[in-house]
Amino acid sequence: MKYSKKREGFTLVELLVVIAIIGVLIALLLPAVQQAREAARRMSCSNNLKNIGLGLHNYHDTFGSFPSGFISNRGTPASSGTCWSSGGENTQFAPWTALMLPFIEQSALHDSMNFKEKFTMNPIDGLGSATNQAAWLKVLKIFQCPSDPRTEIQPNLLCYMGVQGGGPDFQCHGSSDANRGLDTDGMLYINSRVGFNSAVDGSTNVIIVGESKYQTHNRADGKNFGWASSANSTNLWCMGGTLASAIASINSLTEASHSTQSRGFGSYHPGGCEMLMSDASVQFFTETMDVDMYRQLAIRNDGLPVSGFNAN
Amino acid sequence: MKSKINFPCVVGAAVLAVIALVGCSRQDGPPRYQVSGAATFGGQPIPLGEVEFSPDSKQGNTGPGTIAKIQDGRYETPSDRGVVGGPHNVRITGYDGKTNSESYSGVTIFSPHLETIDLPKEDTEYDFNVPRK
């Protein structure tokens, strides 16, 4: 023990051991910090959805129904096969995101739009009127999930798609692409005018808006979508710009493209995505949930109200 | 002296490491298995497309679905997202693979093909042939 009295300072080994211990502790801490940050982003995301839900409820209080998924000059789509036998246009009128603007405190933006003119689908092959194109370029934070990195590529992106229906397949599809199509058994669909009375499964058991990471954002030719995008109603490539059906299991689609954006839901939150029910409650749906339950929750009138889905 | 002090430390560190590793290897949801095989349309390989597997609740199967991409007549489920096994509804779509101004994959060559199959609870091979109508 004489040795210890003599020495001054630490030996190299002692120093290395201390550094190693501190390194291990920091390594344990870092993932926890990242998880806390992600939890905060997820909370902010569900807050966006909650506000969208309250906005939709206020719209319902004022007009007696939820907004149309998008307004179209097309007739009712077919109940199977291809949606229309011929014709149609690349762009249509206002989507639900534009119709509900006054109820999320965006009256000025709402007033700047002309609802008698066409809305932009994408700026390359579905350009709307100049007035509505200017509004299309605006960025609205309430429509964007803070965990979603795609907004750096397409700043006016929409991270929350209206639910036009669900099931194993679309009600009807485009004749050139079977993975684009329309449904009319959800809460927000082409020319819809449904209210709470139409959600016969119970408003707690019907999804109205879901989180999506599939709106097209990275096409080199610029055919990208935004929060105020209208829809394509041609018989060849018909698809919704701000609507999606619950067909593909949550997060199972791997890319954002015209052929995937209206076919499923998903998010950058680990393990699932946030969903807004018609009663304006926000639920986290896990990606391992039963696919049939998820599809049934998107349909407003299938007579299959399921409960306890959140315990899945 | 030295070994007496170090031994419990080493054991303690080892126990901590094992707990940490076990904690990290948690798997969410039911076990998943890989499916792969050929996908043909009227005997010809499908250039591009998708096979979508959904557990068939009418036959009592539950769980998440998955999507396998078809390329040059072959498909394989993603390594991190396999099927749960048991009876499944399958939906197959196919494209001609000829890029046009709207779609990289080209146009659909048949309306979505639906069938029901029973998958084993292990990695497996299964060939699909979409009949020409």
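How many bridges join β6(A) to β7(A), and in which sense do the two strands run? In this predicted model, five bridges join the pair, and the strands run antiparallel. Within that pairing, L276(A) has V282(A) of β7(A) as its bridge partner. β6(A) and β7(A) form a hairpin, with four residues between the strands. The turn includes A280(A), whose phi is positive at about 70°.

The hairpin belongs to an open sheet of five strands in chain A. The strand order is β5-β1-β4-β6-β7, and the pairing is mixed. β5 and β7 of chain A are the edge strands, each pairing on one side only. On average, neighbouring strands of the sheet are turned by 40° against each other, direction ignored. In general, the strands of a sheet pair through backbone hydrogen bonds, either parallel or antiparallel. The parallel sense is found between β1(A) and β5(A), which pair over four bridges. There, V163(A) stands opposite A244(A) of β5(A).

Two helices of chain A contact this sheet. α2(A) lies across β1, β4, β6 and β7 of chain A. The helix runs at about 20° to β6(A). α6(A) packs on the sheet too, where the strands touched are β1, β4, β5 and β7 of chain A. The direction of α6(A) makes about 95° with that of β1(A).

Helix α6 spans residues 291-298 of chain A. Seven of its eight residues are buried, so the helix is largely enclosed by the rest of the structure. The buried residues are V291(A), D292(A), Y294(A), R295(A), Q296(A), L297(A) and A298(A). Their cover includes four strands of chain A: β1 (160-166), β4 (207-211), β5 (243-246) and β7 (282-286). β3 of chain B also contributes to that cover.

The largest nonpolar core has 91 residues. V163(A), I207(A) and I208(A) have the most contacts inside this core. Helix α2 (residues 12-63) of chain A gives the most to the core, with five residues. Nonpolar side chains tend to be buried together in soluble globular proteins. The surroundings of V163(A) can be listed in detail. Leaving aside neighbours within four places in sequence, V163(A) is in contact with G186(A), M187(A) and L188(A). Its other contacts are I207(A), I208(A), V209(A), G210(A), A244(A), A246(A) and A298(A). A298(A) is also one of the buried residues of α6(A).

UniProt annotations from an unreviewed entry divide part of chain A into two stretches. The record assigns a transmembrane region to residues 12-33 of chain A. In the model, this stretch is 100% helix and 0% strand. Its end C-alpha atoms are 31 Å apart. The record also assigns the domain DUF1559 to residues 34-291 of chain A. That stretch is 18% helix and 12% strand, with end C-alpha atoms 30 Å apart.

The contact between the two chains takes 24 residues from chain B and 20 residues from chain A. On the chain B side, β3 (48-55), β4 (66-71) and β6 (86-95) each supply at least two residues. By class, this side of chain B has 13 polar, six nonpolar and five charged residues.

S176(A) has neighbours in both chains. The residue lies in the loop between β2 (172-173) and β3 (181-182) of chain A. S176(A) touches L236(A) and W237(A), along with V107(B) and T108(B), not counting residues up to four places away in sequence. S176(A) and N235(A) are 59 residues apart in sequence, yet their C-alpha atoms are 8.2 Å apart in space. With 19 other C-beta atoms within 10 Å, S176(A) is partly exposed.

Two further loop residues of chain A, neither of them glycine, have positive phi values. E105(A) has a phi near 60°. This residue is found in the loop between α3 (96-99) and α4 (107-111) of chain A. N251(A) has a phi near 65°. The loop that holds N251(A) runs between β5 and β6 (272-277) of chain A. Is each residue buried or exposed? E105(A) counts as exposed because it has 11 C-beta neighbours inside 10 Å, and the limit for that class is 12 or fewer. N251(A) is buried, with 23 other C-beta atoms within 10 Å.

Terms used:
Residues are numbered from 1 along each chain as its sequence is written. Chains are lettered from A and ligands numbered from 1 in the order in which they are written. This is a predicted model: local features need pLDDT of at least 70, side-chain atom pairs count only at pLDDT 80 or more; totals for chains, interfaces and linings use all residues. UniProt positions are given in the numbering used here, feature names are shortened, and annotations may be inferred rather than shown by experiment. Two residues are in contact if their C-beta atoms, placed from the backbone, lie within 7 Å. Ala, Val, Leu, Ile, Met, Phe, Trp, Tyr, Cys and Pro count as nonpolar, Asp, Glu, Lys and Arg as charged, and the others, Gly among them, as polar. A nonpolar core is a set of buried Ala, Val, Leu, Ile, Met, Phe, Trp, Tyr and Cys residues joined through C-beta atoms within 7 Å. A residue is buried if 20 or more other C-beta atoms lie within 10 Å of its own, exposed if 12 or fewer, and partly exposed in between; C-beta atoms are placed from the backbone. Two strands pair if DSSP finds at least two bridges between them. Axes are lines fitted to C-alpha atoms, for helices over the stretch in contact, and angles run from 0 to 180 degrees between N-to-C directions.
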